[in-house]
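Colleague: I'm new to this structure and would like a close look at a single part. Could you take me through one sheet, strand by strand?

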Amino acid sequence: MGDTMLFYFVGIKGSALSAFAKILSEKGHIVRGVDVEEEFYTMNSKHSIRIENFSNMQLKSCYFYIIGNAFLNHSVTKYIQKMGYTFMTYPEALNYFFKNYKWLCVAGTSGKTTTTKMLSTLLSNATCLIGDGSYHVGASDVFVLEACEYRNTFLNYHPSIALILNTNYDHIDFFKTQEEYTKSFQQFISQSKICIVNGDECSYRGHHVITYGIHKNNDIVFDYSCGKVTILRKTFELPMVGIKYAYDFVGAYLMAKLCNIRDNNIQKQMTTFQMPKRRFEKIELKNQTVILDYAHHPKEIETIYDTLTEQYKDKRKICIFEPHTITRLQYFINDYKMVLSRFDECYLYRLFSSARETHNVKLEKELYDKLGFKTYSHSVKLNLFQANDCILCFLGAGVIDKECKEYIKEKNI
């Protein structure tokens, strides 16, 4: 792919695909794509890449098609196959385009995007593909990738260094059991040359595995206190508070150390770190602090609550939660009820059903009834406008960010 090419992405607004599209565009290629008309935070009108919707596509034989994981069985993909057009799946294209690079992959149920963003900050000369739709094109031969386990996508990669943050069972629509989920991570670890593992969360061990954590049985032990991490006799001040972010930082730190980045450069670079889009995004309003976060797994919501407690202690905490996929909500229904009940108030936004499943309205109502929280409505919004000295959280992996922006806009009128 040395010469300028014409790429066409199917599902271009997806978090990973959008970042890949931007990398190819910055490298001088011509990039087009198709997706739903709805605007997503990953790819909006600010970008120069032309995006078509499914009703006005102009598919041509001269395009090199890249198919997003959620569109493998889509009618557009079947048409591309039928016409004999040149195409690759997203992981196949990554492997081909970055085949001469040293791969660093960040994997795990949660924390991937934040940690990959940290690593991209520490390795400023690397090319990085991050799961919030952001990216960085560097001059070195290092490629940093947020490697997702869904549909076993990460098993397409054989990284020089891999990082496993945690393995809390997820993606119930694909992995039918916890054992299946665990085996996929074991396979990913086995095909990585070096693997750094959060030993406090994961039991994986091996001759090429380096474990880290706060417990003494790990290969590398760190201490955490109030936004400061001490590791290998060096203390680092993080630009955020929370034990979860400490684990993320240490994982990124160890990968950077294996790439020969010095401690003083790591501390200097971390002062410039900015959280990814929709990851503990904070907006200060009059008498309220609004938090927007992508958290959609019960463990992620628990992490958000614990981080809020560490930062804001006894302040009243209110949650507006948008469930993501009905299979996840159904499987973890009791876990969701337990963690959402920790908030002083909780309201449910409509469920976000992705391209991976059929929307079951009846089952959704049954599950919402079982959770027992009020639904988020216009009247609820008006009441929340009057809440003083509180933390208001908009959580979810769908389109809750639009509701958050609407809330802020209306409150400021």
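Modeller: Here is a walk through one sheet, with a short stop at a helix pair and a loop residue at the end. Keep in mind that this is a predicted model.

Let's start with the overall layout. The sheet is open and has 6 strands, in the order β16-β17-β21-β18-β19-β20, with mixed pairing. At the edges sit β16 and β20 (374-375), each of which pairs on one side only. As background, strands of a sheet pair through backbone hydrogen bonds, either parallel or antiparallel.

Now go to the β16 edge. Strand β16 (residues 281-285) runs antiparallel to β17, and 5 bridges join the two. To find this pairing on screen, look for Glu281, which stands opposite Leu292 in β17. The two strands form a hairpin with 2 residues between them. In that turn you'll meet Asn287, which has a positive phi of about 70 degrees.

Next comes β17 itself, residues 288-293. Is it covered or open? Mostly covered: 6 of its 6 residues are buried. Gln288, Val290 and Leu292 lie on one side, with Thr289, Ile291 and Asp293 on the other, and both of these faces are covered.

On its way across the sheet, β17 also pairs with β21, this time in the parallel sense, over 6 bridges. Two places help you trace that pairing: Thr289 stands opposite Ile391 in β21, and Ile291 has Cys393 as its bridge partner there.

So what about β21? This strand covers residues 390-396, and 7 of its 7 residues are buried, so it is largely enclosed by the rest of the structure. Follow the side chains along it: Cys390, Leu392, Phe394 and Gly396 point one way, while Ile391, Cys393 and Leu395 point the other way, and all are buried. Strand β18 (residues 316-322) pairs with β21 too, in the parallel sense and over 7 bridges. Within that pairing, Ile320 has Phe394 as its bridge partner in β21.

Carry on to the other edge. Strand β19 (residues 345-348) and β20 pair in the parallel sense over 2 bridges, and Leu348 stands opposite Thr375 in β20. A helix joins the picture here: α12 (residues 378-385) packs on the sheet and touches β17, β18, β19, β20 and β21. The direction of α12 makes about 150 degrees with that of β19.

Away from the sheet, have a look at a pair of helices. The axes of α4 (residues 112-122) and α6 (residues 243-258) come within 9 Å and cross at roughly 40 degrees, which makes α4 oblique to α6. Their crossing is right-handed. On the α4 side, the contact is made by Thr114, Thr115, Met118, Leu119 and Leu122. The α6 side brings in several residues, including Lys244, Tyr245, Asp248 and Phe249. The residues of this contact divide into 9 nonpolar, 2 polar and 2 charged.

One last stop is His215, in the loop between β12 (209-213) and β13 (220-225). His215 is partly exposed, with a relative accessible area of 45%. Not counting residues up to four places away in sequence, His215 touches Asp200 and Val221. Gly227 is 12 residues from His215 along the chain, and their C-alpha atoms are separated by 18 Å.

Notes. Residues numbered from 1 in each chain as written. Predicted model: local features only at pLDDT ≥ 70, side-chain atom pairs only at ≥ 80, totals over all residues. Heavy atoms only, no water. Axes fitted to C-alpha atoms, helices over the stretch in contact; angles between N-to-C directions. Helix = DSSP H or I, 4+ residues; strand = E, 2+ residues; numbered from the N terminus. Parallel < 35°, antiparallel > 145°, perpendicular 65-115°, else oblique. Left-handed = near helix turned anticlockwise from the far one by under 90°. Contact = heavy atoms within 4.5 Å. Nonpolar A, V, L, I, M, F, W, Y, C, P; charged D, E, K, R; others polar. Buried < 20%, exposed > 50% of the residue type's maximum accessible area, 1.4 Å probe, protein only. Pairing = 2+ DSSP bridges.
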